[in-house]
Amino acid sequence: MQPKLNVERHRSVKSRLKIVDRHGPCSTLPSVEKLSLEQILSTDQSRVDAIHRQTSAVSGKDKTSGPLTTSQITAQYGGSYGVGNYIVSVGIGTPSKTLTLVFDTGSDITWVQCEPCQKHCYMQQDPIFDPSQSSTFANVSCNSTQCTDISFGCSGSSCLYGVKYGDGSFTVGYYAEDTLTLTPDVIQNFRFGCGQNNSGTFGEIAGLLGLSPSSESFVSQTSEKYQRVFAYCLPALSSSTGYLNFGSSSNMPNTNRTPIPQHSDPPYYYITMTGLTVADQPLQITSTVFSNAGMIIDSGTVITRLPPDAYQALRSAFGQHMTQYKMAPSTTLLDTCYDFTGYDNVTIPSVSVQFLNNVSLDLDPNGIFYVFDISQVCLAFAGNTDPRDLGIYGNVQQRTFNVIYDVPNGEIGFSPEAC
């Protein structure tokens with residue numbers, strides 16, 4: 001049994017996608033071997049490395065309106081992608097076939113595995129989508145604007161797509177359109193990848209729902225319906241559920257909003273971190289430490305990545321309040337770990353993160369620690385090796401907050417204790 005974590009503080013019309021843990025008791029997927037901490041963090045680092053390569057290339061860094069409709073679906077934690085991502089169930093085709101997808105704010109193309117698998121399809125729990133059984137399925141024409149925009153190539157008159165992820169996983173197939181169902185909402189002619197050659201660390205999930213700001217993402221394709229507004233709450237525990245909302249109802253009381261900086265890199269949502277606080281004491285970090293690198297918020301990255309100087313300050317201040325506990329061995333990624341064996345209660349210092357517009361978020365204990373075992377409980381932050389590398393606000397620190405992406409108003413908002 002894990003000890004209770006006590007944070008020491010010095011200051012007093014919807015269709016919902018449910019979020020549950022891929023391996024937890026609320027999951028409808030079969031029991032499979034759970035990914036180890038090292039496997040999850042290794043894949044997480046591969047994703048971060050890919051983001052750094054992409055954003056470095058873009059920045060030139062040399063390193064050597066329609067009706068106000070709402071929809072809400074249940075979301076759950078899922079280790080199936082290999083990085084501790086979160087999953088939702090949607091319907092595709094006519095008649096609708098239910099498929100379980102990872103949702104990712106850092107990906108543009110939505111895709112599912114499709115029959116026939118010409119070369120390779122990995123094992124998935126849901127039946128593989130068969131487009132021949134859908135009366136509304138159609139391939140996107142090679143001559144269409146949508147195909148030209150994504151520039152994936154063609155096979156005859158049909159558009160092709162291909163996506164390769166940072167850990168070497170990939171999906172290749174036809175770019176198509178069909179009916180997408182978020183009960184009770186039905187979205188006609190939704191464009192997605194129909195993958196017939198797919199391989200990698202996808203576990204048994206049917207595909208991915210892309211929520212980036214790019215032109216072909218779900219957010220952009222449904223802009224008239226949902227006004228490019230969505231939100232989610234990621235559950236803190238594997239036995240809990242969260243949600244993924246679309247539309248104006250995503251707003252909640254007590255929402256603190258910070259601007260999305262204008263940037264030329266469309267696959268990501270940027271955010272401006274301004275500081276960190278431990279036990280209500282602001283850390284002495286110069287503002288340029290955050291501004292030089294920049295930061296994105298990403299549902300698909302597990303562990304928050306900080307500029308080296310910011311992470312060193314956080315680790316040092318946090319450690320000063322934890323001297324009564326035995327240190328534990330570090331992992332490949334996490335280097336500040338503790339052994340809580342024998343403790344029924346553990347008191348830890350509060351940790352808060354600050355963003356532009358005086359937004360300050362008090363993290364839940366499950367947003368401070370990443371628990372591998374009672375004997376190895378690690379601070380859930382990591383430092384980038386290069387101060388110029390992009391910072392990433394990961395999903396561990398987003399747990400239990402309603403995180404709203406209000407693209408038209410250029411804002412990201414946070415409401416505490418939402419799930």
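Q: Strands (E) here are DSSP runs of at least two residues, numbered from the N terminus. In this predicted model, between which two strands is the loop that holds Pro116?
A: Pro116 comes right after a cis peptide bond, the one from Glu115, with omega near -5 degrees. Most peptide bonds are trans. As for its place, Pro116 is in the loop between strand E6 (111-113) and strand E7 (138-139).

Q: Which residue does a cis peptide bond join to Thr183?
A: Look at the loop between strand E10 (170-182) and strand E11 (185-199), where a proline lies. The bond there has an omega of about 5 degrees. The partner of Thr183 in that cis bond is Pro184.

Q: Which residues does the UniProt annotation "active site" cover?
A: The annotation comes from an unreviewed UniProt entry. Its residues are spread over 195 residues of sequence, yet they cluster in space, with a largest C-alpha distance of 7.5 Å. They are Asp104 and Asp298.

Q: Is Asp104 buried or exposed?
A: Asp104 is found in strand E5 (residues 97-104). Its contacts beyond four places in sequence include Arg47, Leu208 and Asp298. Its relative accessible area is 0%, and the cut-off is under 20%, so Asp104 counts as buried.

Q: Which side chain is joined to that of Asp298 by a polar contact of 3.4 Å?
A: Asp298 sits in the loop between strand E19 (295-297) and strand E20 (304-306). Leaving out residues up to four places away in sequence, Asp298 touches Arg47, Asp104, Thr105 and Tyr393, among others. The side chain in that 3.4 Å polar contact belongs to Thr105.

Q: With which side chain does the side chain of Gln397 make a polar contact?
A: Gln397 is found in helix H8 (residues 395-398) and is buried, with a relative accessible area of 1%. Among its contacts beyond four places in sequence are Val302, Ile303 and Phe381. The polar contact spans 2.6 Å, and the partner is Thr304.

Q: What is the phi of Asn189 near?
A: Most residues other than glycine have a negative phi. Asn189, in strand E11, has a positive one. Asn189 is partly exposed, with a relative accessible area of 48%. Its phi is near 55 degrees.

Q: Is Asp280 buried or exposed?
A: Asp280 is not a glycine, yet has a positive phi of about 70 degrees. It is found in the loop between strand E17 (273-278) and strand E18 (281-282). Its relative accessible area is 16%, and the cut-off is under 20%, so Asp280 is buried.

Key
Residues numbered from 1 in each chain as written. Predicted model: local features only at pLDDT ≥ 70, side-chain atom pairs only at ≥ 80, totals over all residues. Heavy atoms only, no water. Helix = DSSP H or I, 4+ residues; strand = E, 2+ residues; numbered from the N terminus. Buried < 20%, exposed > 50% of the residue type's maximum accessible area, 1.4 Å probe, protein only. Polar contact = N/O pair within 3.5 Å; in protein donor to acceptor, adjacent residues only side chain to side chain. Contact = heavy atoms within 4.5 Å. UniProt positions renumbered as here; feature names shortened; annotations may be inferred.
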